[in-house]
Amino acid sequence: MRSLDLVVIGLYLITMPALGLLLSGKQKSSQDYFVGGRRLPWWAVCFSVVATETSTLTVISVPTVAYLGSFTYLQLAIGYLIGRIVVSFVLLPRYFAGNLVSAYAFLGERFGTGLQGTASVTFLITRLLADGLRLFATAIPVKVMLAAFDVHLSYWQIIALLSILTVIYTYFGGIRAVVWVDAIQMVVYIGGAIVAGIILFGKLPGDWFSTAMSEGKFQLFDFSSSIITDQYAFFTAVIGGAVFAMASHGADQLMVQRLLACKDLEDGRRALIASGVVVALQFALFLFIGTMLWSFYKGATPDAMGMASSDELFPQFIVNDLPPGVSGLFIAGILAAAMSTLASSLNSLSTSTVSDLYQRLSKKQLSDATVLKMGKVWTLVWAVVFVVFASMFTSTEDPVVEVGLSIASYTYGALLGAFLLGLMVKRARQADAIIAFVATIAVVLYFAIGVSFPDGEGGETSLAFPWYTPLGVIVTLVVGGLLSLRHSRDSEEPEHQTV
């Protein structure tokens with residue numbers, strides 16, 4: 001057991017909640033709690049967006065992608081940047097113009113509270129499945145690495161510890177605490193990756209780069225693979241990545257709430273577009289580390305090295321080959337990614353529950369003090385739900401983990417499609433949108449689970465996941481558009497205009 005590593009990890013876990021409380025200031029209103037009074041600097045929001053979409057699995061799995069393949073994963077980042085640019089000029093102005101705290105309030109204004117509630121419930125379920133299972137998946141490498149230091153904790157203990165520490169600053173500090181801690185945590189895990197990369201570089205032979213280059217490890221573009229089944233084919237990655245980013249950063253409360261914490265539209269645009277650039281650089285860093293690991297381990301397969309999973313490649317190097325203290329720093333960085341995602345989920349779930357559901361169902365005007373109180377109460381409620389849900393899983397072999405980690409792809413098409421339907425189809429009414437919304441989720445699930453395509457090697461495989469969101473958008477627009485033809489041109493005004 002390396003005591004220095006445990007000291008570094010312990011100090012980090014104590015410091016982060018304390019910093020969150022220190023930087024949050026006093027929450028005097030619901031606007032402070034949900035959108036930080038719209039006074040947060042764009043660069044901090046940018047870092048928060050990046051940290052929120054970076055889970056522990058990103059930190060340890062992206063290097064594995066390069067180890068087993070090449071740099072083609074970076075094509076997704078190109079699509080992500082394109083999608084962000086579209087959102088910044090199409091959807092973001094609508095949110096700032098309406099002075100909203102929830103992305104789904106726009107749907108309430110355009111269609112009515114029925115669709116607003118439907119979208120909000122879909123968001124809540126999606127976040128519970130995706131981030132609850134991501135929280136459990138986070139405990140897997142953490143448990144393995146702590147065991148190497150002779151610290152043995154069960155999955156539920158790790159989950160509960162991370163949740164308790166995270167909920168402290170999320171409960172008291174609201175979105176302002178979440179954003180500032182996210183920014184610090186991004187610096188921690190990126191700093192840890194850079195230090196690990198420098199140390200790894202010093203362990204490589206002199207000809208490692210030319211060898212990796214000759215083996216095609218730095219290939220960026222892939223125009224030869226099937227665009228239907230290969231997620232890293234160029235057009236699949238770029239088009240699917242762009243539409244996915246439009247949904248995740250334009251129709252998901254998790255991201256939209258951060259952008260609404262900026263002081264104005266221009267700052268929101270800076271934060272959103274800059275986050276796409278930072279994500280691309282972050283992916284490049286982790287992919288480069290993966291290629292260096294390939295050289296370090298001489299291309300040996302994870303099975304040949306006695307690893308139970310290919311995702312153990314980077315954690316094994318962290319535990320066994322980094323100096324004491326540095327290992328602890330990087331494990332703290334992995335915990336940072338997990339806490340950032342959890343904090344963001346808790347705050348956005350609380351906001352959506354109160355703004356989109358509780359205030360609508362109560363059917364009465366609530367005082368700002370009551371809204372603020374309810375926001376904090378629901379932060380605690382969702383924290384408990386996350387811990388219970390994530391702790392239900394005790395095996396790394398449960399296939400529902402993989403489903404949970406990609407579940408957002410199943411619902412993002414319906415969410416983004418509903419927004420685009422409201423913007424593009426003037427005749428569409430609330431009933432049209434709700435029917436299209438439900439039909440879209442059913443169709444996407446059918447394609448994801450029940451349809452197979454030839455894989456080019458004599459077998460069959462499923463549709464590449466980047467296509468799920470574009471498919472969903474198309475279904476929503478077609479179904480909603482056709483249903484809207486029932487209404488005359490003289491009644492193109494939406495049914496509801498107030499939130």
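A charge is taken to sit over a ring if NZ of Lys or CZ of Arg is within 6 Å of the ring centre and within 35 degrees of the ring normal. With that criterion in hand, begin the tour of this predicted model by selecting Arg 110 and Phe 111, where Arg 110 lies over the face of the Phe 111 ring at 4.4 Å from its centre. Then select Lys 376 together with Tyr 171, since the arrangement recurs there: Lys 376 lies over the face of Tyr 171, at 5.7 Å from the ring centre.

**Rings against rings**

Next, colour the aromatic side chains, among which the structure holds 29 aromatic pairs. Select Trp 43 and Trp 180 to see one of them, an edge-to-face pair with 5.5 Å from centre to centre and 70 degrees between the planes. The pair links distant parts of the chain, for Trp 43 belongs to helix 3 (residues 42-53) while Trp 180 belongs to helix 9 (residues 155-201), 137 residues apart. If you switch on a surface at this point, note that Trp 43 has a relative accessibility of 41% and therefore counts as partly exposed.

Move on to Phe 221 and Phe 234, another edge-to-face pair, whose ring centres are 5.6 Å apart and whose planes make 70 degrees. Here Phe 221 sits in the loop between helix 10 (208-214) and helix 11 (234-250), and Phe 234 sits in helix 11, 13 residues apart, so that this pair too is one that links distant parts of the chain. Is each of the two rings' residues buried or partly exposed? Phe 221, at 39% relative accessibility, counts as partly exposed, whereas Phe 234 is buried, with a relative accessible area of 18%.

To finish with the rings, select Phe 71, Phe 201, Trp 208, Phe 209, Phe 218 and Phe 288 together, because ring pairs link these residues into a cluster.

**A nonpolar patch on the surface**

Keep Phe 221 selected and add Ile 78, Ile 82, Ile 85, Val 86, Phe 89, Val 90, Phe 223, Ile 227, Ile 228, Phe 235 and Ile 239: with Phe 221, these form a nonpolar patch on the surface, with about 1000 Å² of accessible area together. Helix 5 (74-90) and helix 11 are the elements that give two or more residues to the patch, and helix 5 gives the most, with 6 residues. For a single example, centre the view on Ile 82, which lies in helix 5 and is partly exposed, with a relative accessible area of 40%.

**Cysteines without a bond**

Now select Cys 46 and Cys 262. How many disulfides does a search of the whole structure find? The result is 0. For Cys 46, the closest cysteine sulfur is that of Cys 262, at 9.4 Å, which is too far for a bond, given that a disulfide requires the two sulfur atoms to be within 2.5 Å. Seen from the other side, Cys 262 is likewise in no disulfide, and the sulfur of Cys 46 is the nearest one to it. Both residues are buried, Cys 46 with a relative accessible area of 2% and Cys 262 at 0% relative accessibility.

**Last stop**

End by selecting Leu 92, which lies in helix 6 (residues 92-97) and counts as buried at 1% relative accessibility. Add Leu 260 and draw a distance between the C-alpha atoms: the two residues are 168 residues apart along the chain, yet these atoms are separated by 8.6 Å.

Methods
Residues numbered from 1 in each chain as written. Predicted model: local features only at pLDDT ≥ 70, side-chain atom pairs only at ≥ 80, totals over all residues. Heavy atoms only, no water. Phe/Tyr/Trp six-rings, centres within 6.5 Å; stacked < 30°, edge-to-face > 60°. Helix = DSSP H or I, 4+ residues; strand = E, 2+ residues; numbered from the N terminus. Buried < 20%, exposed > 50% of the residue type's maximum accessible area, 1.4 Å probe, protein only. Patch = residues over 30% accessible without salt bridge, like charges linked within 9 Å, V, L, I, M, F, W, Y side chains within 5 Å. Areas by Shrake-Rupley, 256 points an atom, 1.4 Å probe, with all protein chains shown as cover. Salt bridge = Lys/Arg side-chain N within 4 Å of Asp/Glu carboxyl O.
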